[in-house]
Amino acid sequence: MFLELQGYPYTNHNFRPYFFTKDATTGDLIKIPGTQDSFQFKTYNLGIQADIDSYNAEVKPVLLEWSEEGDPFEQESVYASRLSNNIVQDVERDLDNGMLSKEVHVATYEGRIEAVSYAQSPEITAPEIETIAANPAGLITDQTTVVKGGGSALLDSMARTYKEEGVDRIRLYSSRHDNYYANRGWQSDTEDGACGGLEIPPLFPELF
């Protein structure tokens, strides 16, 4: 899929952190927007050794922790774990091969990493967001303590950053056809198939 960044309406930090709380009467989960803190964002450039060192110290351990799959019946959490492992492997592969024109982006909440993405740098004509994953612990059914919304906030932050860098279009692969991206201006990529043409889907909308 691709997103034309000119006129993109979701580049003003619309995605606030939120939690779920359980209604004591009905048992239903209720969405509670965060009011005290917001997501913070950081980028690690693989072309800069200091950033690589910081990624290895700050981000890789978190991804490895996320990569430990939990209950197989928690499908969304398992997906996030696999995607986290994909990021670790892809970064290692690219570092070994000298492919340094990529970036790792993170969203943090109160100092804790809640979403990570691996993407091409703005120097590419139409940079691709290769993989994005949220904290698997936040995707467990009825989970009410881990903040939500990190994936959406990170995706929005990346779109804003690319736009500021002069990029006109960004791309990603989605394994699903739903309204999540369509409602945010994303369009199907007719050149490579409905959603980008990769064999292994690196992005799952339900992770946000």
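User: I am looking at the stretch just after helix α3, and I would like to know which residue follows the helix and what its phi is like.

Analyst: In this predicted model, α3 is followed by Gly166, which has a positive phi, near 90°.

User: How should I read the helix itself, and how many residues does α3 have?

Analyst: The general idea is that an α-helix has 3.6 residues a turn, so residues three or four places apart point the same way. In this structure, α3 is made of 15 residues, and from its first C-alpha to its last it reaches 21 Å, close to the 21 Å expected at 1.5 Å a residue.

User: Is α3 largely enclosed or largely open to the outside, and why?

Analyst: A residue is called buried when its relative accessible area is under 20%. Twelve of the 15 residues of α3 are buried, so the helix is largely enclosed by the rest of the structure. Among these buried residues are Gly150, Leu154, Met158 and Tyr162, together with the charged residues Asp156 and Arg160.

User: Which residues have the most contacts inside the largest nonpolar core?

Analyst: That core has 25 residues, and those with the most contacts inside it are Ile129, Tyr162, Ile170 and Trp186. At least two residues of the core come from each of β5, β6, β7, α3, β8 and α4, and α3 gives the most, with six residues. If you select Ile170 and leave aside residues up to four places away in sequence, you will find that it touches Met1, Phe2, Leu3, Leu5, Pro127, Ile129, Ala159, Tyr162 and Trp186. There is also a second, separate core of 16 residues, which includes Leu46, Ile52, Val59 and Leu63.

User: How would I look for empty space, and which residues line the largest cavity?

Analyst: Rolling a probe the size of a water molecule over the atoms shows where empty space is left. Here the count comes to one cavity of 30 Å³ or more, and the largest cavity holds about 40 Å³ of space. Its lining consists of Tyr8, Phe15, Ser152, Leu155, Asp156, Tyr180, Arg184 and Trp186, of which five are nonpolar, one is polar and two are charged. Helix α3 supplies the largest share of this lining, with three residues.

User: Finally, is Glu114 buried or exposed?

Analyst: Glu114, which lies in strand β6, counts as buried because its relative accessibility is 6%. Not counting residues up to four places away in sequence, Glu114 touches several residues, including Phe39, Trp66, Tyr109, Asn135 and Val147.

How values were computed: Residues are numbered from 1 along each chain as its sequence is written. This is a predicted model: local features need pLDDT of at least 70, side-chain atom pairs count only at pLDDT 80 or more; totals for chains, interfaces and linings use all residues. Side-chain values use heavy atoms; hydrogens and water are left out. On a 1 Å grid over the protein atoms alone, a cavity is a set of points where a 1.4 Å probe fits but cannot get out, and a pocket is an open set with protein on both sides within 12 Å along at least five of seven lines; lining residues have an atom within 4 Å of a point. Grid points are joined across faces, edges and corners, and a volume is the space filled by probe spheres set on the points. Helices (H or I, at least four residues) and strands (E, at least two) are DSSP runs, numbered from the N terminus. The expected span of a helix is 1.5 Å times one less than its number of residues. Buried means under 20% relative accessible area, exposed over 50%, partly exposed in between (1.4 Å probe, protein chains only). A nonpolar core is a set of buried Ala, Val, Leu, Ile, Met, Phe, Trp, Tyr and Cys residues joined through side-chain atoms within 4.5 Å. Contact means heavy atoms within 4.5 Å.
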